[in-house]
Amino acid sequence: MPIILCLDLGVAHTGLAISHEGILAEPLSTIFATSLSKLPGRLLPFIAKPHPETIVIRIPQSGPLVEKAQSLQKELEKVFAGEIVLFPEDYSSQSARTVMKKVGKTLVKRQAEEHQTAAALILQEYLDSLT
């Protein structure tokens with residue numbers, strides 16, 4: 001079964017989600033890194049242990065995160081032999097906040113899990129686009 005890792009790249013936080021079977025996405029973790037140069041090193045444990053076949057990186061349609069996503073893709077290509085997909089998506093954080101609020105998560109819990117939940121929503125959208 002294909003393992004797919006998804007990154008919701010932000011200015012200071014990067015949410016991570018994973019799919020172990022290529023059908024269902026689940027939140028994994030949030031990495032705090034404001035510097036793009038530090039991010040690949042912090043991602044290595046999440047690449048090495050589950051050993052994904054594909055990494056999906058959210059790329060917005062415009063803004064400074066477009067260049068950051070493209071730069072991260074180039075950096076990851078140096079250490080990851082699998083496929084790296086730039087997946088267009090713009091409203092994942094807003095959707096994550098709405099979903100978490102609907103299921104009754106507290107404000108503190110929502111803030112702590114927002115980025116990884118957003119990554120899971122992005123990954124699920126990516127997985128759904130494959131079928």
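## A five-strand sheet and its helices

The sheet is open, has 5 strands in the order 3-2-1-4-5, and mixes its pairing. Its edges are strand 3 (26–32) and strand 5 (83–88), each of which pairs on one side only. Neighbouring strands are turned against each other by 25° on average, direction ignored. The model is predicted.

Strands of a sheet pair through backbone hydrogen bonds, either parallel or antiparallel. In which sense do strand 4 and strand 5 pair? They run parallel, and 6 bridges link them. Within this part of the sheet, Ile-57 stands opposite Leu-86 in strand 5.

Two helices meet the strands.

| Helix | Residues | Strands | Angle |
|---|---|---|---|
| Helix 1 | residues 39–48 | lies across strand 1, strand 2, strand 3 and strand 4 | about 150° to strand 3 |
| Helix 2 | residues 64–77 | touches strand 1, strand 4 and strand 5 | about 165° with strand 4 |

Of the strands that helix 1 lies across, strand 1 covers 4–9 and strand 2 covers 13–19. Helix 2 packs on the sheet.

Now to one residue. Thr-54 belongs to strand 4, which spans residues 54–59. Is Thr-54 buried or exposed? Its relative accessibility is 9%, so Thr-54 counts as buried. The cut-off for buried is under 20%. Which residues does Thr-54 touch, not counting those up to four places away in sequence? They are Ile-3, Ile-4, Leu-5, Phe-80, Glu-83, Val-85 and Tyr-126.

How values were computed. Residues are numbered from 1 along each chain as its sequence is written. This is a predicted model: local features need pLDDT of at least 70, side-chain atom pairs count only at pLDDT 80 or more; totals for chains, interfaces and linings use all residues. Side-chain values use heavy atoms; hydrogens and water are left out. Helices (H or I, at least four residues) and strands (E, at least two) are DSSP runs, numbered from the N terminus. Buried means under 20% relative accessible area, exposed over 50%, partly exposed in between (1.4 Å probe, protein chains only). Contact means heavy atoms within 4.5 Å. Two strands pair if DSSP finds at least two bridges between them. Axes are lines fitted to C-alpha atoms, for helices over the stretch in contact, and angles run from 0 to 180 degrees between N-to-C directions.
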